[in-house]
Amino acid sequence: MNSAKRTLYIAAWLLFPLCPYASADWAQSTDALVVRPMPGNRQIQVQNPPTFSWARYSTNPSSYTLEIRSGTTVVRTYTSLRNWYLPSETLPAGVYTWRVRPTNGTLWSDDRSFEINASSKPFVLPENAVLRANVLKRPRPRGLSSALPIASAWTPAMKAERGNALLGLTNEVLRQTTAVALPADANWPLVASKVMTAAYAAQMTSIRSLISLNARQLEASALLYRLTGDQRFLTEALRRGDALAALNPDGPTSYANQVQGSRAIALTMSKAIDSLASSLDGQRRTAWLQTVKVRTDVIYQELLGTTGGIEQLPFDASTATNIGFLAGISALALGDIPEATTWFDFSVRYFASSLMVWSGPEGGYSDGTAYAEYAVDYSLQVWQPLLQATGINLFEKPWSVGLARFFMEFVPPGAKTHLFGDGQETEPLYRLLKAYVSRFATPEAAWYVNSISSNEDMLTLLQAPYPLPVTTVTEAPRPPANAALFPSIGWSAMHSNLADPGRTSVYFKSTPYGSFSHSHGNQNSFVLTSAGVPLLIETGWYDWYGSPMTTSWYRQTKSANSITFDNGVGQMIDGYRETLVRNGSITSFATTPALDYVAGNATAAYGGALSSAVRQLWYLRSSDAVLVRDKLSSPTARVFEWNFHSAAPILVDANGNVSVVNQGRSVCLKPLADAGLRFERRTGPPPKPGSYEDHGAFVRTTSAANAEFLVLLDVGCKNLPVTVTPNSTGKQVTIGTQVVTVTN
C-alpha cells in the first residue's frame, strides 16, 4: 500500500470512530471493520481445532476466558491474552457451543455453535514456547530444507528436478551483477504529500522495482553460495546486502513511504543472514541485523496498533500481508535480535491460525485474482522458510488447498488476463501460480501444473520442500469440477469443459466484501472468455491507486458488465468502511452436466438508490450459451442500462444484431422480448497502451421504476433458435434444445 493510500485509510478511520456495542453480545461489533466472531452458525469446521475470534470488550481487559461446551457439559476452558485463541489440541467429532467473557468480568458473549466431523482436517500448532524452542534447535540455515544438500551431493533425482533451476539461477545472478544498479537514497528525491501525484506514484514504483531486484539478487546470491560454495556469489551477496543496509530506514525506502520496499529489505536480509551464517564477518552481521531490527519493528508496532491493531481491525491489504512478513522474519531472527521473541509470539501463531481475511474457509481471494497472485508470491517467500524453521506447514491448511482450487477455476491454463479487481487487465504470471499449486499432492494440482508450459520461478523451486509434493501424486491428473462456487467471496465459475483449452468460461461476482480495498463496484457483473480469449470484459487499467482514471472509470460500475441507470450511475464506491456494507451476495447456485445457474443480489451495493437489483445467469453447457436476466426496481423512475464491454470492436449489422469477434472467437448478444430497448455505443478513457476496448449498452427507452433485461449470449454466434413463451408464473425460454424457466 503506498503512502497516499495509507493516508486515505487512516483519515477515513478517524472520521468514523468505533461504534459502541449495540447489545449484550459484545463479541459482535456493529462496526464493519472489526473482526467477526467465529466460528458460528453451526458450520462444519474445515480445520480442527478451529480458531476462535471475537471483538474486543470495551474495557480492553488483560485476558479473556473461553468456554467450549458439548450440550450442557463444559469440555474445554482456556485463557487468552488476546481477542482470539487457537487450542493446541483437536476436538473430538461433535456439535459444540462456545462463549467468551473478560476474565475479570461476568458478561458472557452469546452462545455460538459449530461442528467438528470426519471432514474437519487436523491442524495442530504447539504453544509459542515449544515453537520457539524448536526453531532455536535448528542449525543455520534454519530457513532452508535439510533434505536438499549442497549441489555437489545431489542425487540424480534431485538433479532431474532442480538442475535446470540451479543453472538458470546461476546465469541470472551473474547477468544481474552488472545489469541491476545498486539502490541509493539520492535516486528518489520526491517527498510524500497529502495528495498523491503521478510523479510521486512513479517514484514509488521505481523504489519498489529496484528494491525488489536487489532483494532477489541478494537472496539468490546467498542461496547459490550456500549450494555451490562459489566465491562469486558470496561477493555479490555481500555487495547487495551492504547497499540495502546503507539505505536510510527513515528515507525514501522507509516503511511510511514504501511499505513493500521496506519489508522486502527486512525479509530478504534476514534470509541472507540465515543462509550465509558464519560467512558473514561480525561487523557486517551486526550492521545487517540492525537494518532488519529497525525495519521490522516498524511493522510490528503498526500491527500491534494503539486502537486494536490487526487483531481487532484485520481488513487492511497491507497489514494482512505484513503479519506474514513479521512471522517469517521473527522465525529467522530468533536468537540474533532480542526483539524477535516478542515479534514471534505476537505473529507466528496468529498468522498460522487465522483464516485469510479476504475469504472464508473454502479459499479464494475477494480482492481479485491479480492480488491473489501477489499474495501467493508473498506466501512462497514466507511459508517455505517458516516451514523449515518451525515445522508449520501452511500449505496443509484447508484454506490454502482451497486457494489452489481457486486458481484452477478462475485462472485456468490459457487464461490471458486476471479477474475482478485491481490488476484484472494484467496477464497472469503462471510461474508463480505453478509454484504455489505444485506444493499440493492432489490429482487436480497435477493437472494444473502439467497444463502450464512455463517453468516455476527458479528461486522458489530451489527453496521448495524436496521432493515437490505434486510429483508424489500417484493418481492420474484430473481437473476440478466444471463449475464452482466460492460463497464467502461471492464468486462463481462455469466452464464448458475445464480440461479443454478451447473452453468457454463464464465468471460471475457478487461479493459481501463490496468495493472494499482493491475490489471494484462490480457486484452482479460477469466476464466471458473463449479459449482464454476475452470476449466480454471489465475495462480500464490500474495506473496507480486513487488516480483520476481509477476513481472515475476503472472502479466504477459502468466499466463492468453490470447494471447502471441514468447515464452511467452505478454502485457506491466512495468511503472506507461503507464499501464493506455496500455489497452483494450470491443467493443461489446449482450445477448439472447440461446447465449451471447462479443468482446474485446487488441491491445493497447501490446504496439505497435501488430497491432491488437481482441478476440470474444460466450457462447452457449443451448449447454453449449464456442467458442473463436482470430484474430491477427503484423508489423513483430510472432509465436502466445493461452495460457490456469487449476487447475487440462491438459490431452492429444492418438488422441491429450485435456481436463481438476477437482472435477468431465470437459472441452474439441478443436481447429477448426487447420492446422498449435500444443499443447505444458508450465511451471510456483511453485503454492501456497496447490494448483495445469498446463499450456498449442496451438501454431502456423510457424511464420507469421497474425494469427487466433478458439477454442471450450465443458463444460462437451459432444462430441458436430461441423462443420465449409467457406463462402464469413468468416465461419459458427455449434455446436450441434446452429449456430455462424464468419466474416473475
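This dialogue works through the overall form, the helix packing and some backbone features of a predicted model.

Trainee: Before we begin, what should I know about how the values were obtained?

Mentor: This is a predicted model, in which local features need pLDDT of at least 70 and side-chain atom pairs count only at pLDDT 80 or more, whereas totals for chains, interfaces and linings use all residues. Residues are numbered from 1 along each chain as its sequence is written, and side-chain values use heavy atoms, with hydrogens and water left out.

Trainee: How many helices and strands does the protein have?

Mentor: Helices (H or I, at least four residues) and strands (E, at least two) are DSSP runs, numbered from the N terminus, and here there are 17 helices and 29 strands. The radius of gyration, taken over C-alpha atoms and set against a globule rule of 2.2 Å times the number of residues to the power 0.38, is 27 Å, close to the 27 Å that the rule gives for 744 residues, so the protein is as compact as a globular protein of that length. The C-alpha trace spans about 80 × 65 × 55 Å along its principal axes.

Trainee: What span should helix H4 have, given its 31 residues?

Mentor: The expected span is 1.5 Å times one less than the number of residues; for H4 (residues 198–228) that comes to 45 Å, and the end C-alpha atoms are 44 Å apart, which agrees. Just after H4, Gly-229 takes a positive phi of about 75°.

Trainee: At what angle do H6 and H7 pack?

Mentor: Axes are lines fitted to C-alpha atoms, for helices over the stretch in contact, and angles run from 0 to 180 degrees between N-to-C directions. Helix H6 (residues 259–276) and helix H7 (residues 282–304) pack at about 140°, with their axes 9 Å apart. That makes H6 oblique to H7, given that angles under 35 degrees count as roughly parallel, over 145 as roughly antiparallel, 65 to 115 as roughly perpendicular and the rest as oblique. Their crossing is left-handed, a term used if the near helix is turned anticlockwise from the far one by less than a right angle, with right-handed used if clockwise. The contact (heavy atoms within 4.5 Å) includes Met-269 and Ile-273 of H6 and Trp-288 and Leu-289 of H7. Its residues divide into ten nonpolar, four polar and three charged, where Ala, Val, Leu, Ile, Met, Phe, Trp, Tyr, Cys and Pro count as nonpolar, Asp, Glu, Lys and Arg as charged, and the others, Gly among them, as polar.

Trainee: How is H6 placed against H9, parallel or perpendicular?

Mentor: H6 and helix H9 (residues 317–333) pack at about 20°, with their axes 9 Å apart, and they are therefore roughly parallel to each other. This crossing is left-handed, and among the residues that meet are Leu-267 and Asp-274 in H6 and Phe-325 and Ile-329 in H9.

Trainee: Which backbone features deserve a careful look?

Mentor: Most residues other than glycine have a negative phi, and most peptide bonds are trans. The peptide bond from Met-38 to Pro-39 is cis, with omega near -5°, and Pro-39 is found in the loop between helix H1 (3–15) and strand E1 (43–44). In the loop between H1 and E1 there is also Asn-41, whose phi is near 60°, a positive value in a residue other than glycine. A cis peptide bond also joins Asn-48 and Pro-49, with omega about 5°, and Pro-49 lies in the loop between strand E2 (47–48) and strand E3 (52–53).
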